Structures are given as structure tokens and as C-alpha cells.
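Welcome to a short guided tour. Open the structure in your viewer, keep the selection tool at hand, and follow the stops below.

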Amino acid sequence: MASEQFEYNLTGKEILEKEFKTGLRGYNPEDVDEFLDKVINDYSTFSQEIEALQQENLRLRSELEDAPKAVVAPSFQQTTQPAGTTNFDILKRLSNLEKHVFGNKLDDNQ
């Protein structure tokens, strides 16, 4: 969405329910002018927001077109064992690591 913040003076309900005070010659022109000024300001704000959103839409579409056409999902990687590794290989490697870390202490305890 656009980074600008837009403020609106009127809602559709407010416009629909607006009642002007009547004077000797009909509606009070000042009330009508004040209300119409708010409507005009809101239309200007709506137009600005629409323009900003259209520009953002064009920018995003351009970025999408420039992006690689086919995004390949990362392949599922096995977390258990690499290909060609058996449980025996893992146990052998673990045994070698234990010997390296603990040295002959393991042989002494047996």
C-alpha cells in the first residue's frame, strides 16, 4: 500500500444523512458550502489515493515481470541421513568421535 496516510472527512452514511438547516429563503448557503467543501476535499483525497495505488500497482507489476519467471521451491532436504549413509556408518562415526573426545577413558570403564 502507499506510504502516505489519507484522511477522510465524510463517510457515505454522513453524506446520505446530511440535513441542512433551512432559512427564510431555503437552505442556509453557508451550511451547504461548508458541506460541499468537505465533499470536494474528500474527492480530491480519493483521487490522490487512487493515483498513488495505481502507481504502486504498476511498480509491483513491473517488479513481478522483472522477477525470474519460474521460482523453484527449495527441494526437500533429508534431515535424517544423507544419501548412501546407513545406520552402521553413523554408529561407526559416533564411535570414532567418542574415542577422539574421551580418548581411552571409554576403554578403561569397560
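**Stop 1: a linked trio of charges**

Select Glu56 to begin: with a relative accessible area of 14%, glutamate 56 is buried, because the cut-off for buried is under 20%. Please keep in mind that you are looking at a predicted model.

Now add Arg59 to the selection. The side chains of Glu56 and Arg59 form a salt bridge, at 3.9 Å from N to O. Both residues belong to helix α2, where they sit 3 residues apart, about one turn of the helix. Arg59 is partly exposed, with a relative accessible area of 41%.

Next, add Glu63. Its side chain meets that of Arg59 in a salt bridge of 2.7 Å, N to O. Arg59 and Glu63 are 4 residues apart in helix α2, so about one helical turn separates them. Glu63 is partly exposed, at 45% relative accessible area. With the three residues displayed, you have a network of salt bridges linking Glu56, Arg59 and Glu63. The structure holds 2 salt bridges.

**Stop 2: along helix α2**

Stay in helix α2 and select Thr45. Is this residue buried or exposed? Thr45 is buried, and its relative accessible area is 14%. Show its surroundings, leaving out residues up to four places away in sequence, and you will find that Thr45 touches Phe6, Glu7 and Tyr8.

Keep Glu7 on display and pick Asn41, which is also found in helix α2. Draw a C-alpha to C-alpha distance between Asn41 and Glu7: they are 9.8 Å apart in space and 34 residues apart in sequence. Asn41 is partly exposed, with a relative accessible area of 42%.

**Stop 3: a negative patch**

Select Glu34, which lies in helix α2, residues 29–66. Glu34 is partly exposed, with a relative accessible area of 49%. Add Glu30, Asp33 and Asp37, and you have the members of a negative surface patch that includes Glu34.

**Stop 4: the whole chain**

Finally, zoom out and switch to a cartoon view. How many helices and strands does the protein chain have? There are 4 helices and 2 strands, and from the N terminus on they follow the order α-β-β-α-α-α. Of the chain's 110 residues, 8% count as buried. Turn on the surface, and you are viewing about 10500 Å² of exposed area, 54% of it supplied by carbon and sulfur atoms. Among contacts between residues at least 6 apart in sequence, 63% join residues at least 24 apart.

Notes. Residues numbered from 1 in each chain as written. Predicted model: local features only at pLDDT ≥ 70, side-chain atom pairs only at ≥ 80, totals over all residues. Heavy atoms only, no water. Patch = residues over 30% accessible without salt bridge, like charges linked within 9 Å, V, L, I, M, F, W, Y side chains within 5 Å. Areas by Shrake-Rupley, 256 points an atom, 1.4 Å probe, with all protein chains shown as cover. Salt bridge = Lys/Arg side-chain N within 4 Å of Asp/Glu carboxyl O. Lys, Arg positive; Asp, Glu negative; His and termini not counted. Charge placed at Lys NZ, Arg CZ, Asp CG, Glu CD. Buried < 20%, exposed > 50% of the residue type's maximum accessible area, 1.4 Å probe, protein only. Contact = heavy atoms within 4.5 Å.
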